[in-house]
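Please open the model in your viewer and keep the selection panel at hand. The stops below proceed from the whole chain to strands and then to individual side chains.

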Amino acid sequence: MRSFERRVLSTGLLALLMIVSGLRIAAAQDLTGDPPPRRRPIIVGLPVALPAQSGEIALQPNVVVNGTPPPANGPYSELHGMNGVQPIAFAEPPTAPPLAPSRVVPAGATMPPLRGQLVDQATAPPPPANMPLPDPFSSGAEQLPPGTSPAAPRAEPLFTQPLGGDCGCGPGGGGHHGSHGGTFYGLGGIEEGTGDPGIGQERVMFALFEIDASQPSSNLRFRFNAAYDEHNPDRAEYFWAQIGGRGPKLPERLVDYQDVIASWEVASGKAFSLTTDIPIRLVAPEINPPTAGLGDMSLTTKTVLLNGADWQITQIFRTDLPTGDPGHGTGTGHVSLEPGFLFQLKWSPQTYFHGELTYWFPLGGNPVYDGQVLKYGFGVSHLLYENDTFAAIPTLEFIGWTVFNGAQTTFPTGLPQPVDTMGIFNVRPGIRFVRDTGGDLGLFEWGVSAAFGITTNRWYDASVLVEARFVF
């Protein structure tokens, strides 16, 4: 009897709870006036491929958050400039202004190419593999609590770099070239090919041979310089020490020599570098015996003072150390300093103008023979042909020296002759090639140039310079 009463009592309590729950649901519907809202779906259509003026392709997102299937091609505005895709308009006009502080864009608003992501699902783990997705239009769609609205997508940048940006070909550059078959650049512009930036536009500012590049760059360089008919080799003790003093013993008429130089430049960022030059000099005089040996080593620093969009100005300081043998003609026998400036003007991505102004003076030389030398130069490098892995860059340099004082030994008397404001001028045409093989040693460059004296006073009649360089 007691068991039957307990069952009746429990059944009545259960029925009472069900009645109370139904009353609460009905009251909630009466307060809102509508059934609880459903989560509004986000529909993603096929992305629309839009070309930029640079030739690159951007994929325009095609996302609609109002439950309407997205259009086939997605309305968008025309492209202009070099900064990628312009904003597109979604299917419906915006229902509320975007919230800038939180970067939340309402459903149906206008926004640039973005990657949509639900705020409340930004950190949710991905669904399991092969898991069926719920139908957003079915009656079993997920219900939201009363008084809440569907979450709007949060805008995130699709690209970290703007499309069609600079390839890094200007001063301090270091960008990546595009992909194209090859372009030939004449003096009047592009004559064939696409004109897309290739490897040549990254290296045209480093192409000169005698004028140093104003941009510091890490590289290993090997140079072979052969000069013929050096006149008055002890002039101002610039090439030789005093003949009959610390230099060779006999007066000399003409000297041929070859320098094999290993140069290592190490750059710290884009504003400073240190270069070490180690030369081996082979000397073939007409009167004195021929010889060979270590030449005078040098240390060179570069510090960028101005790095603008077109102009670059760099301070240079070179120190020559007396590591050669002055008695055999492989060194000067004294320390010399050479401070100065380097200039670079970007005329176009394919053409650069270069300048150099330095002042050389010895320390500890012969007080009668040593002098001071002003060196100045002007050069131009122009990209002739380039593709992704090869470039040809012709160059032209004009180099001048002014010897202010000092002396030189006359031949055959061996008497000192004073030097007072003597001008010397050379012209040096050349061509450089760039090759990117994708190896561990980076870019490989090689080239050849020749210099000719065009004034009565000269250091030598002619010289040939062959250079190979690995750029890291």
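A strand here is a DSSP run of E of at least two residues, and strands are numbered from the N terminus. In that sense Trp401 is found in strand β17, a residue to which the tour returns. The model is predicted.

**The whole chain**

Begin with a cartoon of the entire protein chain, in which 2 helices and 22 strands are assigned. The chain has 472 residues, and 42% of them count as buried. Among contacts with a separation of 6 or more, 63% are between residues 24 or more positions apart. Switch to a surface representation: the accessible surface is about 24600 Å², with 64% of it belonging to carbon and sulfur atoms.

**A run of antiparallel strands**

Select residues 311–320 and 335–348, which are β12 and β13; these strands run antiparallel and are joined by 10 bridges. Asp320 has Ser336 of β13 as its bridge partner.

Add residues 351–363, strand β14, which is antiparallel to β13 and joined to it by 11 bridges. Between β13 and β14 there are 2 residues, and the two strands form a hairpin. Within this pairing, Phe341 stands opposite Leu357 of β14.

Continue with residues 373–382, strand β15, which runs antiparallel to β14 with 10 bridges between them. Here Glu356 is the residue to centre on, with Gly377 in β15 as its bridge partner. Finally, add residues 390–403: this is β17, paired with β15 in the antiparallel sense over 9 bridges. Gly377 also stands opposite Ile399 in β17.

**Glu356**

Which side chain of opposite charge is nearest to Glu356? Show the side chains around this residue of strand β14. The nearest one is that of Lys375, 4.2 Å away; Glu356 is buried yet has no salt bridge. The cut-off for a salt bridge is 4 Å, from a side-chain nitrogen of Lys or Arg to a carboxyl oxygen of Asp or Glu. Besides Lys375, the residues that Glu356 touches include Glu210, Ile211, Phe343 and Tyr376.

**Trp401**

Move to Trp401 in β17. Its relative accessible area is 4%, so the residue is buried. Trp401 touches, among others, Glu210, Tyr238, Lys375, Met422 and Trp459. Select Gly423 as well: its C-alpha is 5.9 Å from that of Trp401, although the two are 22 residues apart in sequence.

**Aromatic pairs**

Now display the aromatic rings; the whole structure contains 15 aromatic pairs. Select Tyr238 and Trp360, whose ring centres are 4.8 Å apart and whose planes are at 75°, so this pair is edge-to-face. Because Tyr238 lies in the loop between β7 (219–231) and β8 (254–268) and Trp360 lies in strand β14, the pair ties together parts that are 122 residues apart in sequence. Tyr238 is partly exposed, at 23% relative accessibility, whereas Trp360 is buried, at 3%.

Next select Phe239 and Tyr257. Their ring centres are 4.6 Å apart and their planes are at 40°, so the pair is tilted. Phe239 lies in the loop between β7 and β8 and Tyr257 in strand β8, so the pair ties together parts that are 18 residues apart in sequence. Phe239 is buried, with a relative accessible area of 7%, and Tyr257 counts as buried at 7% relative accessibility.

For the last stop, select Tyr385, Phe390, Phe433, Phe444, Trp446 and Phe470, which form one aromatic cluster.

Note on methods: Residues are numbered from 1 along each chain as its sequence is written. This is a predicted model: local features need pLDDT of at least 70, side-chain atom pairs count only at pLDDT 80 or more; totals for chains, interfaces and linings use all residues. Side-chain values use heavy atoms; hydrogens and water are left out. Two strands pair if DSSP finds at least two bridges between them. Helices (H or I, at least four residues) and strands (E, at least two) are DSSP runs, numbered from the N terminus. Buried means under 20% relative accessible area, exposed over 50%, partly exposed in between (1.4 Å probe, protein chains only). Contact means heavy atoms within 4.5 Å. Accessible areas come from the Shrake-Rupley method with a 1.4 Å probe; for residues, only the protein chains shown count as cover. Lys and Arg count as positive and Asp and Glu as negative; His and the chain ends are not counted. Rings of Phe, Tyr and Trp (its six-membered ring) pair if their centres lie within 6.5 Å; planes under 30 degrees apart count as stacked, over 60 as edge-to-face and the rest as tilted. Lists of a residue's contacts leave out its neighbours within four places in sequence.
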